[in-house]
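Reader: I'm new to reading protein models, and I keep tripping over the labels. Can we go through one together and ask where the labels come from?

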Protein chains: 2
Amino acid sequence: MPTYKAPLREYRFLLQNVLEIERYSNLPGFSDAPVDLINQVLEEGAKFCEGVLAPLNKVGDEHGCKRSEDGSVTTPPGFKEAYRQFTEAGWSSLSSDPAYGGQGMPHIVALAWNEMVASSNMAFGMYPGLSHGAYEAIHQHGTDAQKQAYLPKLVSGEWTGTMNLTEPHCGTDLGMLRTKAIPQADGSYRISGQKIFISAGEHDLAKNIIHLVLARIEGAPQGTKGISLFIVPKFLVGADGALGKRNGVVCGKIEEKMGIHGNATCVLNYDDAVGYLIGQENKGLMAMFTMMNVARLGVGLQGLSQSEVAYQNGVAYAKDRLQGRSITGAKNANGPADPIIVHPDIRRMLMDAKAFNEGARAFAFWTALYGDLLHASPDEKLREKANDYMGLMTPVIKSYLTDKGYANATNCQQVYGGHGYIEEWGMSQFVRDARITQIYEGANGIQALDLVGRKLGANGGRAIFAFFNEIDDFIAANEEEEDLVPFTEGLKNAKAWLQDGTMWLMQNGMTNFDNAGAASHDYLNLFGITALAYMWALQAKAALAAKKNGGAADPYYDNKLVTGRYFLARSLPDASAHLHKLKSGAGPVMALAAEAF
Amino acid sequence: MPTYKAPLREYRFLLQNVLEIERYSNLPGFSDAPVDLINQVLEEGAKFCEGVLAPLNKVGDEHGCKRSEDGSVTTPPGFKEAYRQFTEAGWSSLSSDPAYGGQGMPHIVALAWNEMVASSNMAFGMYPGLSHGAYEAIHQHGTDAQKQAYLPKLVSGEWTGTMNLTEPHCGTDLGMLRTKAIPQADGSYRISGQKIFISAGEHDLAKNIIHLVLARIEGAPQGTKGISLFIVPKFLVGADGALGKRNGVVCGKIEEKMGIHGNATCVLNYDDAVGYLIGQENKGLMAMFTMMNVARLGVGLQGLSQSEVAYQNGVAYAKDRLQGRSITGAKNANGPADPIIVHPDIRRMLMDAKAFNEGARAFAFWTALYGDLLHASPDEKLREKANDYMGLMTPVIKSYLTDKGYANATNCQQVYGGHGYIEEWGMSQFVRDARITQIYEGANGIQALDLVGRKLGANGGRAIFAFFNEIDDFIAANEEEEDLVPFTEGLKNAKAWLQDGTMWLMQNGMTNFDNAGAASHDYLNLFGITALAYMWALQAKAALAAKKNGGAADPYYDNKLVTGRYFLARSLPDASAHLHKLKSGAGPVMALAAEAF
């Protein structure tokens with residue numbers, strides 16, 4: 001049975017030493033959340049995740065969700081009670097607006113909490129996760145009446161939410177969607193059509209489900225310009241807030257999936273369902289997109305979360321399993337064999353995961369802090385930078401963290417040998433659950449296209465040049481620091497490669513768009529490695545400072561430096577390979593005629 | 001529902017144009033199998049795989065194997081009938097010794113056949129696959145009486161076989177095994193103990209199952225020097241060949257696994273079971289190892305097989321699924337969207353798989369040909385080289401082909417977007433089935449250690465230096481050929497990197513064994529890429545020659561060259577990254593104290 005221990009020390013190090021969030025204690029959100037309180041919240045959260053959610057992870061995988069003939073859905077044993085405890089303890093409202101009952105904590109705190117939830121039980125975490133998406137949509141685009149009607153219950157967790165985009169014939173290409181909305185005399189609409197892959201689409205955890213649905217108003221333009229967003233509650237809500245009659249939306253099927261069995265992935269059939277327009281007519285896609293940065297960051301974090309929990313269990317097994325002897329002589333001479341953590345290739349797999357986890361977590365937190373500053377900072381210049389960075393980093397975090405999360409979960413499963421393949425040991429579930437993160441919320445190929453096609457060139461490349469300048473400034477300010485030299489040198493190389501790739505793209509991507517498409521995956525990965533190299537440099541600097549400031553006796557900081565140096569030696573070389581691949585251009589990728597595949 | 005089409009054209013090209021097996025028509029095995037006959041056999045085999053085995057693949061995944069309380073096991077619906085047809089058509093005896101009813105075809109033909117079987121239905125293919133392992137063990141190490149008693153029925157498929165190595169506390173480290181063998185007055189033994197992860201360990205396909213079991217004779221030395229190999233039939237066999245009483249071996253459990261559900265992975269409990277020593281006392285491990293090259297080649301092929309079938313289905317979906325428009329302008333203007341094969345990043349994933357599949361298949365076939373020559377050639381020098389190459393290449397094929405097989409299956413699943421995650425579409429199964437190939441028959445980390453620790457230095461590095469010389473000779477003989485230049489140049493680079501890595505290992509691996517262990521994974525991958533670069537050069541040369549010899553109008557040869565150039569542009573750069581990583585040595589890998597993980 002796999003276990004989970006929240007990386008609280010990592011959170012403290014990141015928030016206090018690396019990001020120094022006390023700098024922002026004058027800003028809204030931060031002012032009510034001093035570091036001590038944040039630590040306390042995360043400690044409580046850790047107990048809940050470790051004690052309540054993690055033990056249900058395997059239960060959820062084994063039992064899955066069951067649909068009855070009437071379309072109702074039963075979640076796995078224990079989920080309902082855990083959800084009750086979850087909402088009663090206020091976990092659903094952590095970073096929500098106090099105006100609607102939320103606790104108004106910085107998003108960066110919610111990020112740490114979300115990682116813990118996803119590591120403990122990703123399928124469970126998706127229920128409140130989707131609610132938060134619906135909350136964001138209504139909070140940003142709803143009328144006051146809509147906010148009053150739906151937000152308090154979404155914040156408290158009494159109701160949950162969903163996002164309805166995909167239809168059988170349209171996933172990425174939402175311009176093709178057919179779900180229809182017919183205007184009614186009272187200003188409402190009647191929604192009809194079929195949506196698929198709706199996570200948390202139907203279940204028994206909450207009294208009501210608020211579906212956010214993309215549909216086309218009768219007579220609207222073709223393509224993406226004719227799509228509107230609607231609120232479609234499972235139970236209609238009266239003016240007094242009481243639940244009224246059942247709306248015309250039914251779960252037609254639960255999909256059998258590779259993983260996340262504990263979450264009900266539904267086919268939802270809308271048949272003349274009452275819906276309410278949210279935001280402007282035909283601007284539904286834009287309304288949806290404004291939420292995407294947050295949602296995609298969250299999915300990137302899910303990738304990391306599976307890497308983290310798989311790593312923890314890989315380590316436990318590697319310390320426990322006795323098999324063979326160290327090639328440099330027995331390390332457990334009195335035992336029948338050495339623990340397999342003595343073997344370099346076992347360590348390679350674990351160190352790959354560890355160095356990624358700590359670098360990727362820093363990257364996600366560093367970016368999320370900009371998300372907070374975007375809302376809270378009075379400094380217009382900083383808000384602009386924050387907005388630029390959020391746009392630029394989000395596809396990288398979504399794609400790079402989920403691809404590596406899957407790879408690391410696979411490697412940590414490999415540490416178990418044959419036992420890794422047996423479901424009983426739980427490692428297979430981490431791999432199978434991690435797999436979805438590469439696909440949903442915009443498949444990773446789409447993220448890469450978003451990066452090279454939209455984010456890179458926006459405002460004349462303002463975001464990427466700011467990032468380059470920031471790295472240059474860091475190197476200039478720190479390259480004299482002897483202990484930092486491997487980090488500033490590594491970062492310098494990575495940044496030079498990324499700059500080279502960026503220039504190549506700017507020169508060749510416009511003359512032939514296929515060059516941009518063909519380069520996108522490798523460019524994104526080159527970007528991800530460079531960002532992590534920067535994060536490792538920041539962490540190394542913070543660790544060295546902490547050592548000087550009374551932390552010399554704490555092995556934590558030296559271990560941090562050792563892990564960072566592993567990243568430089570063993571992960572950085574991939575960046576150069578990505579550069580070579582992307583510069584080979586569209587030619588090799590496009591040369592084969594489609595019929596020759 | 002996924003489909004499969006056997007790559008018959010690829011087999012023809014490899015056997016006739018690349019390997020020119022007609023050169024060997026004077027050798028045993030080959031003399032009875034002219035190319036025309038081989039083609040005919042493979043065509044018949046293809047029909048069987050496509051028509052009978054492939055349609056049962058998903059059935060096997062969904063139903064799995066069921067164990068009854070008496071320990072009997074039922075295979076998935078259709079498996080029994082398919083197995084009957086399989087044996088009746090003689091597919092179980094293809095490359096077996098004619099002295100025992102086999103058809104005596106070259107192993108390279110069986111290799112093609114095995115790939116088709118594994119692509120169609122890997123879980124099914126493991127039943128006859130394990131039988132062949134048992135056949136090999138008895139054929140090589142059994143007494144005449146044992147051969148007469150067991151081989152004809154294993155060859156005909158009337159009985160199946162298994163290999164019993166692993167116990168709960170010992171997998172890789174077989175020195176720890178505890179299963180006991182107590183000598184009896186009649187020369188037989190009584191075997192007691194528990195074996196786990198026994199593929200095809202119990203089932204309803206055949207009348208008898210011949211278990212090959214590693215056990216320790218009472219009083220034998222500790223460790224690997226006290227292990228013997230035993231034949232333990234499920235039903236005892238009388239002197240007349242008739243089945244006698246049920247032996248003391250029972251399936252205690254079927255494991256719930258990530259994949260290959262159609263194969264019964266059993267816990268086998270031996271309780272005073274009658275067993276017969278095969279080979280010499282205490283030399284069981286050596287007897288087992290002599291079969292390993294063949295078995296590991298077979299597993300490498302399974303990795304390729306899942307990459308191939310996932311690729312085929314990825315292509316079919318990419319041509320069929322309409323979503324978005326080409327970034328260079330609509331390619332299907334009359335349709336609602338373009339097929340997704342127009343998108344460069346979709347092509348990247350498919351081309352990665354295609355370039356790997358064709359290169360890896362060449363590598364497996366090229367190596368398997370040496371396996372045939374090892375047995376059939378009268379040339380002692382050639383037999384020595386064949387033996388060297390088989391030893392050197394086998395761990396690379398096992399590990400590189402399975403790691404990439406899994407990665408490609410994952411990428412082809414990614415082509416399906418959300419549908420890839422739904423079991424209904426079948427792509428998840430390819431990934432889950434492929435995953436075991438990295439683990440069983442020696443986990444891939446063990447393969448890498450075998451390569452750097454045993455194979456590389458054997459006979460003063462004779463095998464690897466022969467390989468380098470062969471590549472140098474090829475380059476020298478072909479570098480003037482203009483159309484081959486990209487291939488000879490690419491190969492030259494790869495070989496230089498591999499040589500550099502080899503020298504580094506020879507210098508640093510002996511002074512600190514951890515350097516060898518830490519480098520092993522990257523060295524093996526560097527080797528794999530270099531081997532494929534050589535295979536692509538061989539294929540390119542053969543394709544150019546075929547074009548000149550009347551094939552100019554056949555697009556097959558140009559497509560071959562295009563695919564090879566993709567490999568050079570997009571896969572070769574990884575070799576350099578592996579070199580950099582391995583040369584960073586053991587330091588970064590071993591620096592962290594075990595308790596700091």
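Author: Sure. Keep in mind that this is a predicted model. Let's begin with T179(B), which is found in the loop between β3 (159-164) and β4 (180-183) of chain B.

Reader: Why is T179(B) called buried?

Author: Buried means under 20% relative accessible area. T179(B) has 1% relative accessibility, so it counts as buried.

Reader: What makes the link between T179(B) and E167(B) a polar contact?

Author: The cut-off is a pair of N or O atoms within 3.5 Å, one able to donate a hydrogen and the other to accept it. The side chains of T179(B) and E167(B) make such a contact at 2.6 Å. Leaving aside residues up to four places away in sequence, T179(B) also touches others, including I191(B), S192(B), L214(B) and R216(B).

Reader: Over in chain A, where is T75(A) found, and why is T75(A) called buried?

Author: T75(A) is in the loop between β2 (73-74) and α4 (79-88) of chain A. Its relative accessible area is 7%, and the limit for buried is under 20%, so the label fits. The side chain of T75(A) makes a polar contact with the side chain of D204(A), at 2.6 Å. Among the residues T75(A) touches are C65(A), Y127(A) and H203(A).

Reader: Why is T143(A) called partly exposed?

Author: Partly exposed lies between the 20% and 50% limits. T143(A) has a relative accessible area of 43%, so that's the label it gets. T143(A) is in the loop between α5 (107-141) and α6 (144-156) of chain A. T143(A) and G279(A) are 136 residues apart in sequence, yet 7.8 Å apart in space, C-alpha to C-alpha.

Reader: How do you know that helix α12 of chain A is largely enclosed by the rest of the structure?

Author: Count its residues: 11 of the 11 in α12 (residues 427-437) are buried, so the helix is largely enclosed. The buried residues include M427(A), F430(A), R432(A) and D433(A).

Reader: What makes β4 and β5 of chain A a pair?

Author: Two strands pair if there are at least two bridges between them. β4 (residues 180-183) and β5 (residues 189-199) have four bridges, in the antiparallel sense, so they pass that test. One of the bridges joins I182(A) to R190(A) in β5(A). The two strands form a hairpin with five residues between them, and G187(A) in the turn has a positive phi of about 90 degrees.

Reader: Which other strand pairs with β5(A)?

Author: β5(A) also pairs with β11 (residues 265-278) of chain A, in the antiparallel sense over eight bridges. There, K195(A) stands opposite L268(A) in β11(A).

Reader: On to the two chains. What makes D522(A) and R570(B) a salt bridge?

Author: The rule wants a side-chain nitrogen of Lys or Arg within 4 Å of a carboxyl oxygen of Asp or Glu. Here the closest N and O atoms of D522(A) and R570(B) are 3.1 Å apart, so the rule is met. Across the interface of chain A and chain B, the rule finds six salt bridges.

Reader: How much area is buried between chain A and chain B?

Author: About 7,500 Å², with carbon and sulfur atoms giving 60% of it. Y421(A), R570(A) and F597(A) supply 13% of the area that chain A buries against chain B, more than any other three residues. In terms of contacts, 90 residues of chain A meet 90 residues of chain B.

Methods:
Residues numbered from 1 in each chain as written. Chains lettered and ligands numbered in written order. Predicted model: local features only at pLDDT ≥ 70, side-chain atom pairs only at ≥ 80, totals over all residues. Heavy atoms only, no water. Contact = heavy atoms within 4.5 Å. Buried area = accessible area lost by both parts, 1.4 Å probe. Buried < 20%, exposed > 50% of the residue type's maximum accessible area, 1.4 Å probe, protein only.
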